[in-house]
Amino acid sequence: MDDSSPLPSGEPPGVAVFDLDDTLVRGECGEWFLRWLMRRQPWRLALLLPALPVIASLRALPSTRTRKAALSGLCWFATVGRDDEELDRLARAFAAGHAGPGSANPMRAGLARLREHLARGDRVVIASGSGLRIVRAVCVELGLHDVEIVATRERRMLGGLVVDERCLGGGKVLMLRAAGTATPFGYAYSDSASDLPLLLAARRRFAISPSASHLRRILAGTDGDCTVLPWRTEPSGPASHPAAAPTPTSCPASCPASGPAAAPTPAAGPAAQPPSSRSPSDLR
């Protein structure tokens with residue numbers, strides 16, 4: 001069902017849960033941040049190269065555990081030798097380019113809807129599969145200071161970071177419950193079929209500009225009880241800051257997370273532009 005779907009009036013305050021990537025801001029901020037970190041120090045790409053076949057094999061397996069291990073490997077190569085203070089600083093720098101003033105990535109319709117929920121007195125939660133550090137930094141750039149954040153958690157191992165708890169699929173709903181969000185809640189917004197458990201945990205469900213394959217899976221999983229909001233069709237703003245990651249529609253070879261055959265190179269990509277559709281090879 002496609003509809004502008006204004007919020008009903010007269011409801012008591014409730015809970016609205018928003019995905020972040022390609023729901024409120026274009027692109028995969030967690031994956032792009034890891035690529036950006038590795039391109040800043042090309043020796044990391046050389047270190048990663050021998051491990052790529054193993055990471056690609058783990059990622060190709062249809063298991064949440066093996067995909068988590070693949071993401072942990074990429075995260076470790078991007079962060080080893082960097083302390084939390086440095087990573088916080090780098091996250092702020094990346095977020096400023098990815099979602100700050102002058103960036104075309106913030107999705108204005110989604111942010112307006114979120115602020116409408118806040119104005120009604122709703123409790124708003126951002127639930128993202130990206131890492132907590134980068135999600136917090138992006139939310140600051142988006143001006144989202146009155147929201148709660150539930151995101152993928154990382155832990156230290158051998159001088160770098162690996163994934164501790166992935167905020168994805170059914171795990172996202174479990175993490176929301178652990179953070180005090182009871183189900184069912186009022187509203188859920190996401191672009192991805194990987195968030196079907198999140199959508200099913202809400203009384204009102206919204207699919208945000210999903211690709212054809214994601215839309216088929218969402219409609220099948222919800223028996224058609226989901227409203228499609230075409231937020232990514234809005235006119236784009238000015239080009240984003242050069243610090244942002246490259247466009248996912250033309251992923252550089254330095255992006256091992258985008259496919260098993262990728263071979264890293266230190267060449268930097270162009271400034272990010274709004275993606276026209278989701279790549280089927282994302283890490284979700």
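Contact means heavy atoms within 4.5 Å of each other, and this criterion applies in every legend below. The model is predicted: local features need pLDDT of at least 70, side-chain atom pairs count only at pLDDT 80 or more, and totals for chains, interfaces and linings use all residues. Residues are numbered from 1 along each chain as its sequence is written, and side-chain values use heavy atoms, with hydrogens and water left out.

**Figure 1. Packing of helix α1 against helix α5.**
Helices (H or I, at least four residues) and strands (E, at least two) are DSSP runs, numbered from the N terminus. From α1, the residues Cys29, Trp32, Phe33, Trp36, Leu37 and Arg40 meet Leu87, Leu90, Ala91, Ala93, Phe94 and His98 of α5. By class, the residues of this contact comprise 10 nonpolar, 1 polar and 1 charged; Ala, Val, Leu, Ile, Met, Phe, Trp, Tyr, Cys and Pro count as nonpolar, Asp, Glu, Lys and Arg as charged, and the others, Gly among them, as polar. Two packed helices are described by the angle between their axes and the distance between the axes. The axes of α1 (residues 29-40) and α5 (residues 84-99) come within 11 Å and cross at roughly 115°. Axes are lines fitted to C-alpha atoms, for helices over the stretch in contact, and angles run from 0 to 180 degrees between N-to-C directions. The two helices are therefore roughly perpendicular to each other, a term that covers 65 to 115 degrees. Their crossing is right-handed, meaning that the near helix is turned clockwise from the far one by less than a right angle.

**Figure 2. Packing of helix α3 against helix α4.**
The axes of α3 (residues 52-60) and α4 (residues 64-79) come within 6 Å, with a crossing angle of roughly 150°. This crossing is left-handed, the term for an anticlockwise turn of the near helix from the far one by less than a right angle. Ile55, Leu58 and Arg59 of α3 meet Thr66, Arg67, Ala69, Ala70, Gly73, Leu74 and Phe77 of α4. The contact residues are divided into 6 nonpolar, 2 polar and 2 charged.

**Figure 3. Two serines of strand β2.**
Ser130 lies in β2 (residues 123-131), and Ser128 is found in β2 as well. Ser130 is buried, with a relative accessible area of 6%; buried means under 20% relative accessible area, exposed over 50% and partly exposed in between (1.4 Å probe, protein chains only). Ser128 is likewise buried, at 1%. Residues up to four places away in sequence are not counted in the contacts given here. Ser130 touches Asp21, Cys29, Gly30, Val135, Ala151 and Thr152. The C-alpha atoms of Ser130 and Thr152 are 5.7 Å apart in space, while the two residues are 22 apart in sequence. The contacts of Ser128 include Asp19, Leu20, Val150, Cys167 and Lys172.

**Figure 4. Val162 in strand β4.**
Val162 is placed in β4 (residues 160-165) and counts as buried at 5% relative accessibility. Not counting residues up to four places away in sequence, Val162 touches Ser72, Trp76, Arg153, Glu154, Arg155 and Met157. Val162 and Ala70 are 92 residues apart along the chain, with a C-alpha separation of 9.7 Å.

**Figure 5. Arg232 in the segment after β7.**
Arg232 is located in the segment that follows β7 (227-229). Its relative accessible area of 13% places Arg232 among buried residues. Between the C-alpha atoms of Arg232 and Arg26 the separation is 8.1 Å, and the two residues are 206 apart along the chain.

**Figure 6. Backbone features in three loops.**
A cis peptide bond, with omega about 0°, joins Thr183 and Pro184. Pro184 belongs to the loop between α8 (170-178) and β5 (185-190). Leu158, in the loop between β3 (148-157) and β4, has phi near 55°, a positive value in a residue other than glycine. Leu158 is exposed, with a relative accessible area of 71%. Asp223 lies in the loop between α10 (212-221) and β7. Although Asp223 is not a glycine, its phi is positive, at about 55°. At 74% relative accessibility, Asp223 counts as exposed.

Note on methods:
Parallel < 35°, antiparallel > 145°, perpendicular 65-115°, else oblique.
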